[in-house]
Number of protein chains: 2
Amino acid sequence: MEALQFWFEPASTYSYVAAMRIEEECARAGVPLEWKPFLLGPIFAAQQGIKDSPFNVNPVRGRYMWRDLERLCAKYGIPWRKPTIFPRNTVLAARVCCAAPTGEVVRAIYRANFAEDLDIADALVLAKIVGAEPVGRALSPAVKAQLRVNTDEATRLGIFGAPNFLVGGELFFGQDRMDDAIAWARRDA
Amino acid sequence: MEALQFWFEPASTYSYVAAMRIEEECARAGVPLEWKPFLLGPIFAAQQGIKDSPFNVNPVRGRYMWRDLERLCAKYGIPWRKPTIFPRNTVLAARVCCAAPTGEVVRAIYRANFAEDLDIADALVLAKIVGAEPVGRALSPAVKAQLRVNTDEATRLGIFGAPNFLVGGELFFGQDRMDDAIAWARRDA
């Protein structure tokens with residue numbers, strides 16, 4: 001079975017919903033999973049000329065998203081608290097996900113941001129959540145370069161938001177397309 | 001059972017996918033359906049300051065959408081041909097949907113636009129598709145006013161794209177949320 005790549009950004013609310021479910025859903029379907037953290041900031045800047053979340057730039061869409069997140073988290077039994085800062089600066093958090101691309105680390109960072117309202121921009125907060133070791137490695141030039149490679153690859157893939165599922169060269173955008181992506185991975189099974 | 005309102009715009013590709021399925025899915029679930037045509041143009045202009053489809057304004061997102069539409073139509077067995085003009089001017093088509101808000105009329109207009117590549121901006125084309133009578137009524141000031149009322153109501157509801165499902169005061173955006181909206185309509189059933 002070919003792997004499904006989960007392309008996510010720690011600041012992205014809809015990525016949170018998908019991140020909390022993807023490992024379990026892939027395991028259930030027998031689909032190998034690869035965690036692919038990237039940054040939306042450079043992509044939004046290049047494609048839309050904005051320096052903020054599109055949900056802040058268009059507050060009508062933002063109001064919908066916040067209500068939708070409550071509903072989605074209730075639907076899937078995922079804890080939710082609207083963060084007091086949005087979007088948080090996720091450069092270091094995304095680097096930590098590059099340094100330790102595991103479900104445990106990714107989910108811990110998302111829970112901190114969207115269930116516990118902790119400032120995941122802060123290295124001390126991150127170290128408390130996932131341990132000092134991956135945060136230390138995240139500060140290295142090698143991991144910095146890896147995140148840049150991922151973000152460049154996201155751009156090349158035609159990514160314009162998050163989360164995304166990439167399987168067999170097919171991109172699926174949005175948490176609500178997880179099932180379609182998993183079905184695509186299993187299409188010859 | 002309370003009614004589910006389907007808020008759609010004849011120019012919207014994702015509305016097409018939903019429009020072809022919504023009546024059957026509501027019938028299966030025993031949920032009454034109300035067709036609510038509106039125009040996205042004034043909403044995009046007011047919220048985003050653009051005079052074109054967001055899929056044209058951001059071509060990266062546009063490329064994804066066209067591929068996604070092929071996949072979605074294949075998934076649901078819906079005919080699909082990429083229109084040579086996008087978006088088409090849908091003022092008259094949306095008025096026809098106001099004049100005759102039935103599944104038969106709405107689906108015929110969508111099929112013309114997205115399966116037959118016909119110019120639904122043209123009154124003669126519309127008359128061929130749905131008959132002269134509803135097109136004649138669509139030209140009246142009363143129907144013109146009705147479409148404006150719908151678009152104003154869409155704005156008031158916090159709509160920022162299409163399609164949408166409104167049920168019990170809850171708005172669900174995107175064709176992939178049809179099941180969630182129908183489940184919401186049935187939540188006390």
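How many Å should the 18 residues of helix α4 (residues 59-76) of chain B span at 1.5 Å a residue, and how far apart are its end C-alpha atoms? In this predicted model, the expected span of α4(B) is 26 Å and its end C-alpha atoms are 25 Å apart, which agrees. The corresponding values for helix α1 (residues 13-29) of chain B are set beside those of α4(B) in the table.

| Helix | Residues | Expected span | End C-alpha separation |
|---|---|---|---|
| α4(B) | 18 residues (59-76) | 26 Å | 25 Å |
| α1(B) | 17 residues (13-29) | 24 Å | 25 Å |

**Helices α4 and α1**

The buried residues of α4(B) are Val60(B), Gly62(B), Tyr64(B), Met65(B), Trp66(B), Asp68(B), Leu69(B), Arg71(B), Leu72(B) and Cys73(B). Their packing partners come from both chains, with α2 (41-48), β4 (170-173) and α10 (178-185) contributed by chain A, and α1 and α3 (54-57) contributed by chain B. An α-helix has 3.6 residues a turn, so residues three or four places apart point the same way.

Helix α1(B), one of the partners of α4(B), is itself mostly covered, with 13 of its 17 residues buried. The axis of α1(B) bends by about 40° at Ile22(B), and just after the helix Gly30(B) takes a positive phi of about 70°.

In chain A, helix α4 (residues 59-76) contains Arg63(A). Arg63(A) has a relative accessible area of 58%, and because exposed means over 50%, this residue counts as exposed. The C-alpha atom of Arg63(A) is separated by 30 Å from that of Glu104(A), although the two residues are 41 residues apart along the chain.

**A crossing within chain B**

Two packed helices are described by the angle between their axes and the distance between the axes. For helix α5 (residues 91-99) and helix α9 (residues 141-156) of chain B, the axes come within 9 Å and cross at roughly 95°. Because this angle falls in the range of 65 to 115 degrees, α5(B) is roughly perpendicular to α9(B). On the α5(B) side the contact is made by Val91(B), Ala94(B), Arg95(B), Cys98(B) and Ala99(B), which meet Val143(B), Lys144(B), Gln146(B), Leu147(B) and Asn150(B) in α9(B).

**The two copies**

Chain B is superposed on chain A by a rotation of 180° with 0.0 Å of shift along its axis, at an RMSD of 0.0 Å. That is the relation of a two-fold axis. In chain B, the C-alpha nearest the axis belongs to Asp176(B) and lies 3.2 Å from it. The same surface serves both copies, since 100% of the contact residues of chain B recur in chain A.

Terms used: Residues numbered from 1 in each chain as written. Chains lettered and ligands numbered in written order. Predicted model: local features only at pLDDT ≥ 70, side-chain atom pairs only at ≥ 80, totals over all residues. Heavy atoms only, no water. Helix = DSSP H or I, 4+ residues; strand = E, 2+ residues; numbered from the N terminus. Expected span 1.5 Å × (residues − 1). Bend = angle between axes of the 7 residues up to and from the residue. Buried < 20%, exposed > 50% of the residue type's maximum accessible area, 1.4 Å probe, protein only. Least-squares fit on C-alpha atoms with pLDDT ≥ 70 in both. Contact = heavy atoms within 4.5 Å. Axes fitted to C-alpha atoms, helices over the stretch in contact; angles between N-to-C directions. Parallel < 35°, antiparallel > 145°, perpendicular 65-115°, else oblique.
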